[in-house]
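Reader: Could you walk me through the reasoning behind a few labels on this structure? I would like to see how each one is earned.

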Amino acid sequence: MGLVDDARTVAAEFDYSVEDVNKGVKAFIRQMDEGLQETGKSMSQIPTYVTAVPNGTEKGVYLAVDLGGTNFRVCSIKLNGDTTFSLTQSKVAIPHELMVAKTSKELFSFLAKQIESFLKIHHNDYFEKHHQRRKNGEKITDEHFLQLGFTFSFPVHQISINKGHLIRWTKGFDIADAIGKDVCSLLQTEIDALHLPVKVAALVNDTVGTLMARSYTSPGKTGTLLGAIFGTGTNGAYVEKLEKVTKLKNMKESGDFDASTGNMIVNTEWGSFDNEMSVLPNTPYDTVLDKDSNNPGIQMFEKRVSGMFLGEVLRRAILSMIKDGKTELFKDESSGTNDVHSTCTIANDSPLYKQWGINTSFLSIAHEDQSAGHHITRQALSRDLGVDAASLEDAQAIKILVEAIGKRSARLSAVAIGAVIISTGNLSVTAGNGLDDKVKAVSEEEVVDIGVDGSLVEYYPGFEEYIREALREIEGIGEQGEKRIRIGIAKDGSGVGAALIALVAGGREGGS
């Protein structure tokens, strides 16, 4: 058996069949329902206290800030009321000493001062009017304040739309006295100390922001059902019927929210779907990746889907072939004179020998390569992985592995999307559930709109097509149902999405 056949044998371990997809969807729906009923389940199904999505007609000026790591971003978003918006922003690095400050006041005071500087530069008239009102002793009401959405990308226990207690710091931050405190209140206190006309209206999860951003900018009047991220990580937030979120009744400290819409946006945290591994696919490469990760047994869905892990799955598969004395990967024998009479070598310090050594961008390059003799892949093997003089068969073998891993990721992504669509009943029974349904033209009213963001879905070759292929195979969707699913890129969930959540929280059209 030749090298290409050996690669196909390994690639077959990543096959995710029609039967597997449908088993996955049923299990996903079951775990969604469990998470809506009780806390502490595989899928957290976190109520966000956001109860409506925009339709593109909203107007006004809103602020958004994003503390997602070592940078702090301040934005103002002008919603034009016609699905379009304009965005102004500034970004500043967080000084390291503030990331490990003795008190939370030091960090949040710094953040408030960045908001003040931004207002002075970009909204000085608003800033000056507010200070004039204060100076003149005029009555200041809510409508004199700019509403702000606060994207805070650290673990919090959210108990209302603008209240959440910090569970722990990550990403190099370590400020002990902030643990257990309401991060919105910490920011508002420092904003008030500077007498700024700003109200922290909403605590924002960026996946929820993706849903909101897509719903505002999507064509037509159909509200977006699901915002999903398929990038370094993966997660989804969707519009659920409020009556199905039964655990709200038993949650301590559950905050107030507008129940009049009958809906609640739920943050699934679906990266942890099937941590118990009842239906998720598994290979020896997945097993050892998980074992050597910093959170074994956790985020098992994410470890098979997201860009952070696909390169590592590939690396483990390649190493297994290299170490298997029966395969000829990177050994020249199977390609005669190796095309150029040179001998393939692997550098001693090759990223192949280092955990997380392969970036997902390498998979994109190899997957898309249609060059003569797979020249582009062979160049990438040399440049990125220290594999010099790889043969044509070597490159073909790598491409086969890459395609299998990428395709499995997309088909698993379709399980999540399909499960949300079926669970929420957004495809009526008239859509049919067979693969041979006669496909009709789809009207705007029949569209199910999905907003997506992330490097995989935006840049990985064929990712959406692989998703759609799997959606057509799902019982309850079929070919006709798949035609009704519109998937569109939703950019900047932490910016415009956060502003839109502030709009919903404020319950009005916005400042001017």
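**Labels and their reasons**

Author: Happily, and do keep in mind that this is a predicted model. Let us start with helix 6, whose buried residues are covered by elements including strand 2 (59-67), helix 4 (104-122), strand 5 (146-152), strand 7 (163-166) and strand 8 (198-204).

Reader: Which residues of helix 6 are the buried ones?

Author: In helix 6 (residues 183-193) they are Val-183, Cys-184, Leu-186, Leu-187, Gln-188, Glu-190 and Ile-191.

Reader: Why is Cys-184 called buried?

Author: Buried means under 20% relative accessible area. Cys-184 has 4% relative accessibility, so Cys-184 counts as buried. Cys-75, at 1%, is therefore buried as well.

Reader: How do you know that Cys-75 is in no disulfide?

Author: A disulfide needs two cysteine sulfur atoms within 2.5 Å. For Cys-75, the nearest cysteine sulfur is that of Cys-184, 16 Å away, so Cys-75 is in no disulfide. The structure holds 0 disulfides.

Reader: What makes the approach of Asp-182 to Cys-184 a polar contact?

Author: At the start of helix 6, a side-chain oxygen of Asp-182 comes to within 3.1 Å of the backbone nitrogen of Cys-184. The cut-off for such a pair is 3.5 Å, so this one qualifies.

Reader: Why is the lining of the largest cavity said to have no charged residues?

Author: The lining consists of Thr-48, Val-50, Gln-158, Leu-203, Val-204, Asn-205, Val-208 and Ile-501. Asp, Glu, Lys and Arg count as charged, and the lining divides into 5 nonpolar and 3 polar residues, with no charged ones.

Conventions: Residues are numbered from 1 along each chain as its sequence is written. This is a predicted model: local features need pLDDT of at least 70, side-chain atom pairs count only at pLDDT 80 or more; totals for chains, interfaces and linings use all residues. Side-chain values use heavy atoms; hydrogens and water are left out. On a 1 Å grid over the protein atoms alone, a cavity is a set of points where a 1.4 Å probe fits but cannot get out, and a pocket is an open set with protein on both sides within 12 Å along at least five of seven lines; lining residues have an atom within 4 Å of a point. Buried means under 20% relative accessible area, exposed over 50%, partly exposed in between (1.4 Å probe, protein chains only). Helices (H or I, at least four residues) and strands (E, at least two) are DSSP runs, numbered from the N terminus. Contact means heavy atoms within 4.5 Å. A polar contact is a pair of N or O atoms within 3.5 Å; within protein, one must be able to donate a hydrogen and the other to accept it, and residues adjacent in sequence count only if both atoms are side-chain atoms.
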